[in-house]
Amino acid sequence: MLIVIVITVLIISLILLIVSIYRDKINFLSVKLANVEEKINSTLLKRKELLKDSEDVIKEITKTKKEVYINFDELNDKEISMMELDRKLLVYMNEFYLIKDKYEELQKSDDFKKIAFMLAETEDLLSAYKDYYNDNASKYNKVIKCFPVCIISLLKGRKEKLFFDSKNSSDNDYNDFKY
């Protein structure tokens, strides 16, 4: 009987130790994800402002009063997610590059070149941030699925993090990437 009690205490102690280690890891990964989300968000807002500035420069140089980016003001909707903002800004980025290639006089403007350079910087930053986010989201998702942590994660309502491009590693869509 004493041996059963000792073994039970050891098993419970081991489970508590594992849960404690994983809890710390979950907290650490949660902080990393929150930090990079903040960086992604601020970079997206910078990109949005640069595109808005580019519209003024484009209108001035091409001498048009026409709206350059159709429905751009809809991006001010407070309900838009970071991922949706990223997708919509990508459409406007593509328009920016099409306009850049179409009008040679834009490429002679220092203001336009400066904006184009800064937009390229946001592309590089966002690419790095998204990779970092997706890597840590993958680690987080693996940790919350480990036994016995999965039980506590379920009780605490912890859910899998979507990858930045909204792909889900647990769904049945095999056209997206899986880890």
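**View 1. Charged side chains of the chain in the predicted model.** In this model, which is predicted rather than determined by experiment, the chain carries 30 positive and 31 negative side chains. When the centre of the positive set and the centre of the negative set are located, they are found to lie 5 Å apart.

**View 2. The helices and the overall extent of the chain.** The secondary structure consists of five helices and zero strands, and anyone reading along the sequence meets the pattern α-α-α-α-α. The radius of gyration of the chain is 24 Å, whereas the globule rule gives 16 Å for 179 residues, and the chain is therefore more spread out than a compact globule. Along its principal axes, the C-alpha trace covers about 90 × 30 × 30 Å.

**View 3. Surface, burial and contacts of the chain.** Of the 179 residues, 31% count as buried, and the area that the chain exposes comes to about 11,900 Å², with carbon and sulfur atoms supplying 58% of it. Among the contacts between residues at least 6 apart in sequence, 66% join residues that are at least 24 apart.

**View 4. D56 in helix α1, with F164 for reference.** D56 belongs to helix α1, which runs over residues 2-62. The relative accessibility of D56 is 44%, so this residue counts as partly exposed, a class that lies between buried, under 20%, and exposed, over 50%. F164 stands 108 residues away from D56 along the chain, and the C-alpha atoms of the two residues are separated by 31 Å.

Definitions and conventions. Residues numbered from 1 in each chain as written. Predicted model: local features only at pLDDT ≥ 70, side-chain atom pairs only at ≥ 80, totals over all residues. Heavy atoms only, no water. Helix = DSSP H or I, 4+ residues; strand = E, 2+ residues; numbered from the N terminus. Rg over C-alpha atoms; globule rule 2.2 N^0.38 Å. Buried < 20%, exposed > 50% of the residue type's maximum accessible area, 1.4 Å probe, protein only. Contact = heavy atoms within 4.5 Å. Areas by Shrake-Rupley, 256 points an atom, 1.4 Å probe, with all protein chains shown as cover. Lys, Arg positive; Asp, Glu negative; His and termini not counted. Charge placed at Lys NZ, Arg CZ, Asp CG, Glu CD.
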